[in-house]
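Reader: Hey, I've got a protein model open and I'm trying to make sense of it. Can you walk me through it?

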Amino acid sequence: MLLAIETSCDETAVALLDISRRLDDCERCEDFLRGHLVRTQIQLHEPYGGVVPELAAREHLANLPVMVEHLLHQTGVELADLTAIAVTAGPGLKGCLLVGIAYARGLAFARKLPFVPVNHLEGHVCSGDLGARAERPEYPLLAMLVSGGHSELILAKQPLEYTVLTRTRDDAVGEAFDKCATQLGLPYPGGPALSRLAAGGHAPLYRLPQGMADDDTAFSFSGVKTAVHRLVKSLGDQLHNEQTRADVAAAIEDTLVETLLEKTGRALKRSGVRSLLLCGGVAANGRLRRRAAELAAQRGIRLVVPDFQWCSDNAAMIGVAAARRLERAGGVAAWPPAGSEACVARTRWPLEQLSPAG
Ligand code: KG4
Ligand code: ZN
């Protein structure tokens with residue numbers, strides 16, 4: 001029984017996974033996921049318009065022990081039943097990561113259990129495995145990881161082997177959604193609200209720039225934010241009109257989604273993958289899902305979009321990543337692999353630094 005912990009940003013999350021069977025032998029997610037809990041801090045950070053790292057870390061510290069106890073109680077699992085502890089070790093906010101790591105290390109030390117540090121981005125890629133077996137990604141796989149902190153196109157030739165084809169030079173796409181939404185006076189986090197407003201709008205009425213259109217190794221979303229700033233200023237009082245606001249929101253959503261889709265389309269052409277996976281909070285966006293479905297259908301590949309609850313930060317995906325790493329190493333008894341580093345909190349931890357074996 002694996003306990004997984006996620007505290008890298010503003011969600012405290014815990015999950016329990018039965019790892020006595022290989023994940024690929026499990027027909028349904030419920031066959032290995034025994035339970036999970038997520039507690040979001042959105043309300044705490046809302047007045048500040050963004051995550052305040054110090055407040056987030058304190059909140060994790062207050063919530064994590066209670067949530068672990070609650071989950072054990074709910075699932076009828078005893079501390080003595082645990083066979084491994086997994087925790088997000090990066091990338092993320094330092095103070096937040098440290099809370100999860102210190103807790104997980106303490107528990108692992110006290111119970112003499114193997115301790116698995118997990119890369120948060122690898123966790124998101126593994127969220128594709130939280131569906132029924134027939135709907136999980138086939139490899140090679142292209143993952144579009146889009147959240148408030150990340151925008152990456154990741155090629156995985158095999159499970160746990162990654163090449164990042166495209167990453168952002170500045171803002172993440174979720175951050176761009178949020179900052180543009182703020183300029184339209186929408187509450188934080190603005191992505192979902194902007195998307196709802198956009199549903200009644202007509203996108204072609206306003207033109208916004210697509211950042212780094214000719215460079216397939218990079219996304220750039222900060223230009224959209226600046227262009228929206230200018231547009232909002234020039235529209236002035238016209239923005240009191242609900243239809244005008246909807247048209248601007250539609251133009252923003254259209255620009256951000258099409259920027260993602262164009263680079264993804266070219267990456268699919270070059271890489272010859274069998275599946276496209278959408279993951280991260282922005283994967284909840286309806287327009288992105290529809291356009292990605294069209295793209296996948298055109299290319300005759302499988303589109304995997306995890307259930308909403310697995311798109312935003314959660315510990316089940318961290319548990320799946322840890323379970324895959326443990327399987328690769330030959331099970332709990334063979335962990336940690338020779339030469340693996342001690343676990344430290346890493347604010348930056350690019351996927352390329354992961355070794356497929358470790
Ligand atoms: O993965 P996530 O929950 O948190 C991290 O960033 O780690 O992603 C949150 C981001 C926010 O920027 C939010 O505005 C965006 O995902 N988001 C959306 C939608 N739902 C969430 N953006 C656009 N459309 C949505 N429907
Ligand atoms: Zn995340």
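Author: Sure. Keep in mind that this is a predicted model. Let's begin with a charged pair: Arg291 forms a salt bridge with Glu258, and their closest N and O atoms are 2.8 Å apart. That pair links distant parts of the chain, with Arg291 in helix 9 and Glu258 in helix 8, 33 residues apart.

Reader: Okay, so is Arg291 buried or partly exposed?

Author: Arg291 is partly exposed, at a relative accessible area of 23%. Glu258, on the other hand, is buried, with 13%; it counts as buried because the cut-off is under 20%.

Reader: Which other salt bridge does Glu258 form?

Author: Glu258 also pairs with Arg287, where the closest N and O atoms are 3.6 Å apart. Glu258 sits in helix 8 and Arg287 in helix 9 (residues 286-299), so this bridge ties together parts that are 29 residues apart in sequence. Arg287 is partly exposed, with 25% relative accessibility.

Reader: Cool. How many salt bridges are there in the whole thing?

Author: The structure holds 23 of them. One of these joins Asp216 and Arg266, with the closest N and O atoms 2.8 Å apart. Here Asp216 is in the loop between helix 6 (190-198) and strand 9 (218-219), while Arg266 is in helix 8 (residues 242-271), 50 residues away. Asp216 is buried at 18% relative accessible area, whereas Arg266 is partly exposed at 31%.

Reader: Why would side chains like that pair up at all?

Author: Opposite charges on side chains can pair when the charged atoms come close.

Reader: Switching topic: what about the greasy bits? Which residues touch the most other members of the largest nonpolar core?

Author: Those are Leu184, Leu194, Ile252 and Leu288, in a core of 51 residues. Several elements each supply at least two residues to this core, including strand 6 (141-146), strand 7 (151-158), helix 5 (173-183) and helix 7 (222-235).

Reader: And which helix gives the most to this core?

Author: Helix 8 does, with 12 residues.

Reader: What does Ile252 touch, leaving out residues up to four places away in sequence?

Author: With those left out, Ile252 touches Cys180, Leu184, Leu194, Leu208 and Val228.

Reader: How many residues are in the other core, the one that lies apart?

Author: That separate core has 41 residues, among them Leu82, Leu107, Phe115 and Val164.

Reader: Why do nonpolar side chains end up together like that?

Author: As a general tendency, nonpolar side chains in soluble globular proteins are buried together.

How values were computed
Residues numbered from 1 in each chain as written. Chains lettered and ligands numbered in written order. Predicted model: local features only at pLDDT ≥ 70, side-chain atom pairs only at ≥ 80, totals over all residues. Heavy atoms only, no water. Salt bridge = Lys/Arg side-chain N within 4 Å of Asp/Glu carboxyl O. Helix = DSSP H or I, 4+ residues; strand = E, 2+ residues; numbered from the N terminus. Buried < 20%, exposed > 50% of the residue type's maximum accessible area, 1.4 Å probe, protein only. Core = buried A, V, L, I, M, F, W, Y, C linked by side-chain atoms within 4.5 Å. Contact = heavy atoms within 4.5 Å.
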